[in-house]
Amino acid sequence: MTTDLSLPILEAELRQQLDDLTLPAAPWVEPRTVDGQAVLDVLIVGAGMCGLSASAALRFLGIDRQRIVDRAPQGQEGPWVTYARMETLRSPKSLTGPALDIPALTFRAWHRARFGEAAWAAVDKIPRTMWMDYLRWYRHALDIPVENGVALLGLEPQAGGLVCARLSGPGGEERVLARHVVLANGRDGLGGKFIPANVQRLPQALWAHTSDDIDFAALRGKAVAVIGAGASAMDNAATALENGAARVDLFIRRADIPRINKLTGVSNPGLVHGYQELEEAWKLRVMHYSLDSGPPPPRASVLRVSRHPNAFFHLDSPLLTLEPADGQVRIVTPKGEYRADLLIAATGFSVDLAQRPELATIAPHIRRWIDRPGCEPGESRHAEALGELPDLGPGFEFQNKGPLPLPGLDHVHCFNYAAALSHGKVSGDVPAVSVGAKRLALAIAGTLFREDIVVQYARMEAYDKAELAGDEWTDADAPADAPAADNSSTATGARPA
Ligand SMILES: Cc1cc2nc3c(=O)[nH]c(=O)nc-3n(C[C@H](O)[C@H](O)[C@H](O)COP(=O)(O)OP(=O)(O)OC[C@H]3O[C@@H](n4cnc5c(N)ncnc54)[C@H](O)[C@@H]3O)c2cc1C
């Protein structure tokens, strides 16, 4: 039963907890204008989990001259109610996600407020759409001023630590100036769908990617093929089966479905906080191993498929031939030949800057791992993908690749999946997103302060609020007939008795 009425009580509790922690800090960043135009402290692109938590973490540090934009309609940000097709999140319900260490901001507190303690105890995994409901509440409760329907079209970093961003929204196009831009633009934020070449060659009507808007109802009675063995492969296969597909064949290149979630399984505060400090070779080794092991699909997702007698798992089955045949796809693997009315590529996303026109100006300057002197991404089949990831600085900032640096590039921060090799998994998945958001916000606060040191120093010089009046003591060595101390100061403290 829904008891939304208790959410205002939770929101009052949240306000109290923030107040107890003296959050948010008072604004302290010096306002700037350029040619009469106000400059933002931060522009955040994307209002999914990463964008929202980054906005909140920055505001907690007193950085509130910010805008946060998302091209999606309100409440539709990210994958949760658009193309994600799992029944529940894979993450355990106990994770505190974007709560930034504030108890009343956790999913658990929100769930308890809505449904009661008994219902929380009964939750196994978090239902997918409920997670989106929680994120919508998070935004509301923290009053995060997201502007929906506003897209980033382009970025032009400038000298003097400024970035000009071209935005397009309901009111048309505008150019804004920001001291920092945070790209919280999602799993595919530096690229797009990864589509194998043999799939791309098929007529468009015969295939789809898992992130596409697929008309599953139209697949009733049809044969569906799915490439991949990850979570999305299972979710899409299950959705097709539940919509009455005649059969679903899953083609899996590996000889076995990965069973052990290595990196997530061993995660602990040491890994979350210490990964970033590792040497290059260790970072590569950890990420290679994790990718090569392959995160398994959740057990419940596999069972959601295998409970259908018309689901067929084909292991050790790379696609040798993929071609159109009589309005279907003809698929040949080492094990046999198959036909499908639709092939769904559950092949994930790639980092491929060429797929993001809004990053075209900065793309040639971004240093990737492969550009690091002496970097050897290794031999595994993931080496190329790892080499394409940006080599980020300690605040998720891009670094310049070449001898002719693009000024201001280091004021653009990559707070999305692509940061994983540099920072670990703190900028995409639920478990450690608060760690990432705080790391980002602290780094931006530090840079803003450092760059404003002249102003901040002048503020210190101008500060004149006395804490002592000068009448709290007497100089034991002063001559007895010396004039009395001048007590006309503005000190706030009372003279001790
Ligand atoms: C299908 C699926 C299931 C997942 N399940 C889990 C899970 O169970 N547990 C877990 O920990 N992680 C999961 N993840 C991984 C991760 O948690 C999600 O990808 C999550 O959405 C990441 O949050 P985000 O804020 O980085 O990106 P998103 O939620 O994708 O938000 C990015 C936002 O940026 C906006 N945007 C992009 N480009 C622009 C632009 N040019 N201008 C303006 N706005 C823009 C988009 O509209 C989008 O709303 C899943 C991912 C997927 C794809």
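# Strands, salt bridges and a ligand shell

Biologist: Are the residues on the two faces of strand 3 buried or exposed?

Modeller: One side of strand 3 carries Gln 66, Ile 68 and Asp 70, and the other side carries Arg 67 and Val 69. The strand itself is a DSSP run (E, at least two residues; helices are H or I runs of at least four; both are numbered from the N terminus). A residue is buried under 20% relative accessible area, exposed over 50% and partly exposed in between, with a 1.4 Å probe and protein chains only. Both faces of strand 3 are covered, and the residues named are all buried.

Biologist: What kind of model is this?

Modeller: Residues are numbered from 1 along each chain as its sequence is written, and side-chain values use heavy atoms, with hydrogens and water left out. Local features need pLDDT of at least 70, side-chain atom pairs count only at pLDDT 80 or more, and totals for chains, interfaces and linings use all residues, in what is a predicted model.

Biologist: How many bridges join strand 2 to strand 3?

Modeller: Strand 2 covers residues 37–45 and runs parallel to strand 3. Leu 43 stands opposite Arg 67 of strand 3. Two strands pair if DSSP finds at least two bridges between them. For strand 2 and strand 3, the number of bridges is 4.

Biologist: Which residue forms a salt bridge with Glu 174?

Modeller: A salt bridge is a side-chain nitrogen of Lys or Arg within 4 Å of a carboxyl oxygen of Asp or Glu. In this pair the N to O distance is 2.8 Å, and the partner of Glu 174 is Arg 67. The two are 107 residues apart, with Glu 174 in strand 9 (residues 172–183) and Arg 67 in strand 3 (residues 66–70). Glu 174 counts as partly exposed at 33% relative accessibility, whereas the residue that counts as buried, at 18%, is its partner Arg 67.

Biologist: How far apart in sequence are Asp 452 and Arg 32?

Modeller: The side chains of these two residues meet in a salt bridge of 3.7 Å, N to O. Asp 452 lies in the loop between helix 14 (433–451) and helix 15 (453–462), while Arg 32 lies in strand 1 (residues 32–34). The pair thus links distant parts of the chain, and the separation is 420 residues.

Biologist: Why does Asp 452 count as buried?

Modeller: Arg 32 is partly exposed, with a relative accessible area of 25%. Asp 452 is buried because its relative accessible area is 5%.

Biologist: Why are Arg 136 and Asp 133 separated by about one helical turn?

Modeller: These residues form a salt bridge, and their closest N and O atoms are 2.8 Å apart. Arg 136 is partly exposed at 32% relative accessibility, and Asp 133 is partly exposed with a relative accessible area of 28%. Both belong to helix 5 (residues 128–141), and they are separated by about one helical turn because their spacing is 3 residues.

Biologist: Which residue in the turn between strand 15 and strand 16 has a positive phi?

Modeller: Strand 15 (residues 321–325) and strand 16 (residues 328–333) run antiparallel and are joined by 5 bridges. Leu 322 has Ile 331 of strand 16 as its bridge partner. The two strands form a hairpin with 2 residues between them, and the residue with a positive phi of about 55 degrees is Asp 326.

Biologist: How much of the accessible area of the ligand does the protein cover?

Modeller: Oxygen atoms of the ligand lie 3.1 Å from a backbone N or O atom of Met 49 and 2.9 Å from a polar backbone atom of Gly 78. A nitrogen atom of the ligand is 2.9 Å from a backbone N or O atom of Leu 152. On its own the ligand has 970 Å² of accessible area (Shrake-Rupley method, 1.4 Å probe), of which the protein covers 89%.

Biologist: Which strand gives the most residues to the shell around the ligand?

Modeller: Of the 30 residues around the ligand, Cys 50, Asp 70, Arg 90, Ser 91 and Val 430 come nearest, where near means a heavy atom within 4 Å. Helix 2 (49–60), strand 4 (88–92) and strand 7 (151–158) each supply at least two residues of the shell. With 3 residues, the element that gives the most is strand 4.

Notes
A polar contact is a pair of N or O atoms within 3.5 Å; within protein, one must be able to donate a hydrogen and the other to accept it, and residues adjacent in sequence count only if both atoms are side-chain atoms.
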